Amino acid sequence: MTDNNSRPGFFRRIWNWFWTPTAVLSAGFVLIIGFLAGILFWGGFHWSMEMTNTEEFCTGCHTMETNLGEYRETVHYNNHSGVRAICSDCHVPKEWNHKVKAKVMAVKDVYHELMGTIDTKEKYEDHRLKMASQTWKKMKQSDSRECRNCHNFEYMDFTIQETRAAKEHQRAIDNNMTCIDCHQGIAHRLPEGYLDEYKRVVDELAMEEAPKPLETASADTDTVRSYLKQSTQKTSGD
Amino acid sequence: MLNLLGTIAGNILSLPGILGLALGMTTRNLLLASIMGAIVGFAETLIFAGFDMSNVEMLELVISMGVGLLAGALGCAIRIKGTTV
């Protein structure tokens, strides 16, 4: 390339260099460099992601102080065994793609911290029902996946639970209920009218999911047949 | 809206985006590359739904197949631009 007036711009030259086949590096050399760079990049990426999962990070924002205080009075913060659940254990999924999604969505938290949407006690309480309801929706949708990372009905010894708990948990298994159906407010104070709002969330989800059985039914003749049989039985039974 | 962006980002950073790109880079055939990417997207959604079609969210399936398809196509473009074979 000559240094004449036709010399391309800076970025153009970088671009061209980037795509020019190398004559000095072997394919193996490039592969090994790429492999190492990949490990470093991925490790660094993962590490910084985990940094945002610590209790200090979550409560570093002024707006999360209310929740922190409430959570500090619960069994998940302080208990006889010293095993704890921190914010991210309940609020950030462990599965990689769900986790990335949760992290991207949490960008809105930064925005609202900057805007001061919930920066006073009063404003917080004004928004609490709405925020709680979003959390319930996620938990109900995921069948309380985050609780189940630590708790599992299968390993609960109902004989050493309180009678009320054991009875309710048996009912929960029988009726396919999920933890959040009964354990709202497990870590934070509940706003007024939470039961009505929770019911609304559940109804709304049921509405959204209603068309689903029909969709799958159309893909599978056996289900269609048994579905039809059921509905004819129902009408003839009437 | 945030939900959508989150789903897209989640897919770019997991199998459809990364394996899709890698598979795309194995061929100079744009159609083949896109199809392979889309298959990865489809497979991932199915795996996460526990191989039960009734658990598959339509929107999620479409997004992950779309991301896979684009990643495959990008991989193919990289192959064409960056290699002589």
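These questions and answers walk through a predicted model with chains A and B.

Me: How many helices and strands are in chain B?
Reply: From the N terminus on, the elements of chain B run α-α-α-α. No strand turns up in that chain. The count for chain B is 4 helices and 0 strands.

Me: Which radius of gyration does chain B have, and what would a compact globule have?
Reply: Chain B has 85 residues. A compact globule with that many residues would have a radius near 12 Å. The value for chain B agrees with this: 13 Å.

Me: What does the C-alpha trace of chain B span along its principal axes?
Reply: The spans are taken along the principal axes of the chain. They come to about 45 × 25 × 15 Å.

Me: What percentage of the contacts in chain B with a separation of 6 or more joins residues 24 or more positions apart?
Reply: Start with the contacts in chain B that have a separation of 6 or more. Then keep those between residues 24 or more positions apart. They account for 73%.

Me: How many helices and strands does chain A have?
Reply: Read along the sequence, chain A follows the pattern α-α-α-α-α-α-α-α-α-α-α-α-α-α. The secondary structure holds no strands. The total for chain A is 14 helices and 0 strands.

Me: What percentage of the residues of chain A counts as buried?
Reply: Buried means under 20% relative accessible area. Chain A has 238 residues to sort by that cut-off. The buried part is 21%.

Me: Is A:Ser144 buried or exposed?
Reply: A:Ser144 lies in the loop between α8 (121–141) and α9 (145–148) of chain A. It has a positive phi of about 50°, although it is not a glycine. Its relative accessibility is 1%, so A:Ser144 counts as buried.

Me: Is A:Asn176 buried or exposed?
Reply: A:Asn176 also has a positive phi, about 60°, and is not a glycine. Its place is the loop between α10 (163–174) and α11 (179–182) of chain A. The relative accessible area is 72%, so A:Asn176 is exposed.

Me: How many disulfides are found over all chains?
Reply: A disulfide needs two cysteine sulfur atoms within 2.5 Å. For A:Cys58, the nearest cysteine sulfur is that of A:Cys87, 4.3 Å away. A:Cys87 is in no disulfide either. The search of the whole structure gives 0.

Me: What is the relative accessible area of A:Cys58?
Reply: A:Cys58 is in no disulfide. This cysteine is partly exposed. Its relative accessible area is 23%.

Me: Which residues lie closest to the centre of the second largest pocket?
Reply: About 1500 Å³ of space lies in this pocket. Its lining has 28 residues. The closest to the centre are A:Phe18, A:Val30, A:Leu31, A:Gly34 and B:Met25.

Me: Which element gives the most to the lining of the second largest pocket?
Reply: Chain A brings α1 (10–19) and α2 (27–51), each with two or more lining residues. Chain B brings α2 (15–24) and α4 (58–82) on the same terms. With 11 residues, the element that gives the most is α2(A).

Me: How many nonpolar, polar and charged residues are in the lining of the second largest pocket?
Reply: Sort the lining residues by class. The charged class has 1 residue and the polar class has 8. The nonpolar class has 19.

Definitions and conventions. Residues numbered from 1 in each chain as written. Chains lettered and ligands numbered in written order. Predicted model: local features only at pLDDT ≥ 70, side-chain atom pairs only at ≥ 80, totals over all residues. Heavy atoms only, no water. 1 Å grid on protein atoms, 1.4 Å probe; cavity = no way out; pocket = protein on both sides within 12 Å on 5 of 7 lines; lining within 4 Å. Points joined across faces, edges and corners; volume = space filled by probe spheres on them. Nonpolar A, V, L, I, M, F, W, Y, C, P; charged D, E, K, R; others polar. Buried < 20%, exposed > 50% of the residue type's maximum accessible area, 1.4 Å probe, protein only. Rg over C-alpha atoms; globule rule 2.2 N^0.38 Å. Contact = heavy atoms within 4.5 Å.
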